[in-house]
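Please open the model in your viewer and keep the selection tool at hand, since this tour moves from one selection to the next and says what is found at each stop.

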Amino acid sequence: MKLGAQIETIVQSIPGAADARVEQATGLPVLTIVPKRETLARLGLNIEQIQDLVATATGGEIAGQLYSGDRRQDIVIRLPEALRSDPEALKRLPVMLPNSQRSGGFVPLGEVATLELKSGYNQINRE
């Protein structure tokens with residue numbers, strides 16, 4: 001808040017600046033996923049696999065199309081909203097290990113990455 005007040009004072013002193021005000025805005029929550037590189041290497045995984053898994057789980061991925069007459073709709077797979085917005089639930093997301101189709105080997109996402117919910121930037125207003 002102190003830095004905002006200093007910026008407001010500087011902006012108000014600029015010739016031609018009018019109605020400069022500090023707007024109180026809190027940051028939006030941002031989910032940050034930091035891979036544990038040593039653990040990934042030990043398990044034979046790479047960062048791209050983790051990125052793809054998280055992107056599909058949270059943002060979705062097109063799995064096909066549904067045709068209804070002349071209309072087409074994408075079929076998108078992703079986790080339900082309640083799970084997508086819960087870091088604790090995402091930590092339990094299973095990551096398939098290489099060559100595990102025979103052995104059924106999975107590890108939770110929380111073992112190969114650190115998930116944190118941080119406050120990010122909200123907005124910058126200007127005219």
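Helices, taken as H or I runs of at least four residues, and strands, taken as E runs of at least two, are DSSP runs numbered from the N terminus. With those names in hand, select Gly-44, which is found in the loop between α2 and α3. Keep in mind throughout that this is a predicted model.

**The loop at Gly-44**

At 45% relative accessibility, Gly-44 counts as partly exposed, because that class covers the range between the 20% limit for buried and the 50% limit for exposed residues. Now add Gln-49 and Pro-98 to the selection, which are the residues that Gly-44 touches once those up to four places away in sequence are set aside. The pair of Gly-44 and Pro-98 is worth a distance label, since 54 residues separate them in sequence while their C-alpha atoms are 6.5 Å apart in space.

**Into the nonpolar core**

Step back along the chain to helix α2 (residues 37-43) and select Thr-39, which has its place there. Thr-39 is buried, with a relative accessible area of 17%, and, not counting residues up to four places away in sequence, Thr-39 touches Glu-111 and Val-112.

Val-112 is the next selection, and it leads into the largest nonpolar core, which has 13 residues. Val-112 is among the residues with the most contacts inside this core, together with Leu-45, Ile-50, Val-95 and Leu-109. If you colour the core by element, α3 (47-59), α6 (109-112) and β6 (113-119) will each be seen to supply at least two of its residues, and the largest share, three residues, comes from α3.

Which residues are in contact with Val-112, leaving aside its neighbours within four places in sequence? Select Pro-35, Lys-36, Thr-39, Leu-40, Leu-43, Leu-45, Ile-50, Val-95 and Val-107 to display them.

**From strand β1 across to Glu-116**

Move next to Leu-31, which is found in strand β1 (residues 29-35). Leu-31 is partly exposed, with a relative accessible area of 30%. Beyond its neighbours within four places in sequence, Leu-31 is in contact with Pro-87, Leu-90, Leu-115, Glu-116 and Leu-117. Measuring from C-alpha to C-alpha, you will find Leu-31 and Glu-116 to be 5.8 Å apart in space, although their positions lie 85 residues apart in sequence.

Stay with Glu-116 and show its side chain together with that of Lys-118, for these two form a salt bridge in which the closest N and O atoms are 3.3 Å apart. Both partners are partly exposed, Glu-116 at 31% relative accessibility and Lys-118 with a relative accessible area of 44%.

**The other salt bridges**

How many salt bridges does a search of the whole structure find? The search finds three, and the remaining stops of this section take in two helices.

In helix α4 (residues 81-84), select Arg-84 and Glu-81, which lie three residues apart, about one turn of the helix. Arg-84 forms a salt bridge with Glu-81, and the closest N and O atoms are 2.4 Å apart. Is each partner buried or partly exposed? Arg-84 counts as buried at 18% relative accessibility, whereas Glu-81 is partly exposed at 47%.

In helix α5 (residues 87-91), select Lys-91 and Glu-88, which are separated by about one helical turn because they are three residues apart in that helix. Their salt bridge has its closest N and O atoms 3.2 Å apart. Here Lys-91 counts as partly exposed at 28% relative accessibility, and Glu-88 counts as partly exposed at 44%.

**The hairpin of β2 and β3**

Select residues 61-68 and 71-77 to bring up strands β2 and β3, which run antiparallel and are joined by seven bridges. To follow one of these pairings, pick Ile-62, whose bridge partner in β3 is Val-76. The two strands form a hairpin with two residues between them, and Gly-69 in the turn has a positive phi of about 65°.

**A last stop at the surface**

Finish with Leu-3, Ile-7, Val-11 and Ile-14, shown as a surface, which together make a nonpolar patch of about 350 Å². Within this patch, Ile-7 has its place in helix α1 (residues 2-12), and Ile-7 is partly exposed, with a relative accessible area of 47%.

Conventions: Residues numbered from 1 in each chain as written. Predicted model: local features only at pLDDT ≥ 70, side-chain atom pairs only at ≥ 80, totals over all residues. Heavy atoms only, no water. Core = buried A, V, L, I, M, F, W, Y, C linked by side-chain atoms within 4.5 Å. Buried < 20%, exposed > 50% of the residue type's maximum accessible area, 1.4 Å probe, protein only. Contact = heavy atoms within 4.5 Å. Patch = residues over 30% accessible without salt bridge, like charges linked within 9 Å, V, L, I, M, F, W, Y side chains within 5 Å. Areas by Shrake-Rupley, 256 points an atom, 1.4 Å probe, with all protein chains shown as cover. Salt bridge = Lys/Arg side-chain N within 4 Å of Asp/Glu carboxyl O. Pairing = 2+ DSSP bridges.
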